[in-house]
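Dear colleague,

I am handing over the structure we spoke about, and below it you will find notes on what turned up when I went through it. Please read them with the model open beside you.

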Amino acid sequence: MLDFAVILGQLALIIVVARIAGTLVAKIGIPPVVGEIAAGVLLGPSLLGMELSGELFPMDQRAFLDVLARVGLVLFMFVVGLELDIKLIKGREKVAGAVSICSIVLPFTLGIGLAKLFVDTDATAALKPAGADFWPFALFMGAAMSITAFPVLARILTDRRMHRTETGGLALACAATDDIIAWTLLAVVLALAGVDAGHGHLPSWAIYLAIPFVLVAIFVIRPALTWLTRAYHKAGELTPTIMSVVLVGMLLFAATTEVIGIHYIFGAFLFGAIIPHEQAAALRHEILVRLEQISVLLLLPVFFLISGLKVNIQGLGTEHIVPMLAILAVAIIGKYVGAYVGARLQKVPHWQASALGLLMNTRGLTELIILNVGLEKGLLSQELFTLMVIMALVTTVMTGPLLGFVYPQRRVARDIAEAERAALGEEAVDRMLVLAHAGQDDRLLVDLAVGALGGARPAEIVIADLTPQGRPLEVGSGLSLDLAEMAAAMERQQGLVHHGERLGVPIRVIAHPSADVEQDLVELIGVLRPQGLLAWSDDPSLATVVAANESVVLVATAGTPAPDADAPVVVHWNADSDSEAATVLGARLALQRGVALDLRGEGGRRLTAARTALEERGVRLEAAASDGPLAAAPIELSSYGVGGAAGARVRAELDPAPVDFTTVSLGEVAAPA
């Protein structure tokens, strides 16, 4: 008898255990989905035993949980299709095709061979499901060995910041191609297996409707779905009508593929894949946000539980050790060697091909879905299902640690910097680097950067807007940043770009989340080799960056408010310090802004010579800045290390020698008038 109160309590227990397990494994660098899958296994007979597990989740209650799990699968497979972007493959078709085909053909062939070995060996013959013919069983084993989990792989790359590197781009392209081929292959295998879809009233030829159904989806329904994009832009938000169309389409596609004899997950995946990508990034993001919470937090953990109840590690004996090792060997070697050989055939370097081989071994949740399909259709026995689930967990867990040896974070940081440099180009002769800060008005830094360039052309200002990376992304949570934060960051960056355009210097922005902001900035400076570095003095990464780059001009601001257009430039002189660097920058800034320069302090003969040289070269000096209530807040500069002076502190490491203002040329001080 169905007890609804018991169902609610079971759901609460499932959510709590799944979140705890996911959080714990994430702390040691393992994708949270591995912990959530393991939580489902631990709630089953593998840990609790058949009796206690049966008391917690009685058989008469499991049918309802199974329905929830199936709905969760439909939502998740729709999300997988929605995140699959064919544009990832553009420009990488040959490598992606070679890696994907080789990484499917080899494990598929080895999987068939392993099935043959299981059948022909007396000790393992029991692993073959009763009632299943050899070829359906063997073909399914081959397909199950060939899968790569695109969502999990994408999140591993994002967490390691590899999605911004050439290797990460190749891996995403290969995984996207692999997903398309592997899911198609699995659908074909199930069709050839002739398993009963549960709709025996349909004629046997109904399976052949799959091909025209896919063609209609791609060439008829997909163009019609551009209505979603137009409606979204017209409304400016995801309306209930748009969301209803998406849900109805997803459910009908899933129902159609189930009826014609494949499996409902293929229909959900296909509908997600045909949702338009052109000018629809915000639409797809909002759909993900709406679906991810109910899918990831509630329904997928239920699916993990239902899967875990079918796994019984306690039921395995010593006779299963050799089959387990054989399954792991076929899965790991088949995927790694296949991907490695495919990459090397396209002349991909050894270390990069090795990284691709490891990444393509990621299976995770996608493998679990396929194994459940095999068990449901009678193509896997209970013992073999347990062994394959263990394989899926092992291959996913091993990816991160092994990838750390083949592709360490130092190389990742260097490759990111190289990619940014390639994007910037080599046309700029003089380059200033600005370290942006979300809580400050970075226009002042841009002003100082323009002044520091002193009219040098060609030149550019690069703004590094790196933000600390937050929590690891989870399966089903989407790959985009929070819309509000993204919009604020883009608005801030665009404002700086327009400000640079008004000042006549092109500005380019480097912006991405970073697991190690300081190290990324050090690598970036080493690659870009800027003539100057500007940052706020309270920037937490400033000390590390300066210590690692002693040969750059440094201007660190110390809380100067955003200046008015007519704000004077004040340079504080100190007899005990080298203030020429601040004077040169102040003169350039004053000419650039068309304001007066005010030299203050005790500089003796050097200060007098500086005043005379600047006046002769057209720099307007004033004795003292106005102190009235309506006076504009000045831009204050002082030599780096001088205490007590507000405003910006300047240090010139490239030219530490004092400037002789009695002989200096105008071009060395400021931009030509």
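Please keep in mind that this is a predicted model, and that the values below are computed from it.

I begin with Ser103, which touches Ser146, Asp178, Lys335, Gly338, Ala339 and Met360 once residues up to four places away in sequence are set aside. Ser103 sits in helix α5, which covers residues 93-120, and its relative accessibility is 0%, so it counts as buried. Its side chain also reaches the backbone oxygen of Ser100, at 3.1 Å.

Leu75 is a second buried position, with a relative accessible area of 8%, and it belongs to helix α4, residues 59-83. Leaving out residues up to four places away in sequence, Leu75 touches Met250, Leu291, Ile294, Ser295 and Leu299. Of these contacts, Met250 is 175 residues away along the chain, yet the C-alpha atoms of Leu75 and Met250 are separated by 8.1 Å.

On the surface, Ile211, Val214, Leu215, Val216, Ile218, Phe219 and Val220 make a nonpolar patch of about 630 Å². One of these residues, Ile218, is found in helix α9 (residues 210-224), and it counts as partly exposed because its relative accessibility is 35%, between the limits of 20% and 50%.

Turning to charged pairs, side chains of opposite charge can pair when their charged atoms come close. The count for this model comes to 10 salt bridges, and three of them are described here.

Glu376 and Arg70 meet through their side chains in a salt bridge, at 3.7 Å from N to O. Glu376 lies in helix α16 (residues 364-376) and Arg70 in helix α4, so this pair ties together parts that are 306 residues apart in sequence. Glu376 is partly exposed, with a relative accessible area of 35%, and Arg70 is likewise partly exposed, at 30%.

Glu460 forms a salt bridge with Arg431, where the closest N and O atoms are 2.7 Å apart. Because Glu460 lies in strand β2 (residues 459-468) and Arg431 in strand β1 (residues 430-435), the pair ties together parts that are 29 residues apart in sequence. Both Glu460 and Arg431 are buried.

The side chains of Arg600 and Asp598 meet in a salt bridge at 2.6 Å, N to O; here Arg600 is partly exposed, with a relative accessible area of 27%, whereas Asp598 is buried, at 0%. Finally, salt bridges that share partners join Asp66, Arg70, Glu376 and Lys377 into one network.

With best wishes

Note on methods: Residues numbered from 1 in each chain as written. Predicted model: local features only at pLDDT ≥ 70, side-chain atom pairs only at ≥ 80, totals over all residues. Heavy atoms only, no water. Helix = DSSP H or I, 4+ residues; strand = E, 2+ residues; numbered from the N terminus. Buried < 20%, exposed > 50% of the residue type's maximum accessible area, 1.4 Å probe, protein only. Polar contact = N/O pair within 3.5 Å; in protein donor to acceptor, adjacent residues only side chain to side chain. Contact = heavy atoms within 4.5 Å. Patch = residues over 30% accessible without salt bridge, like charges linked within 9 Å, V, L, I, M, F, W, Y side chains within 5 Å. Areas by Shrake-Rupley, 256 points an atom, 1.4 Å probe, with all protein chains shown as cover. Salt bridge = Lys/Arg side-chain N within 4 Å of Asp/Glu carboxyl O.
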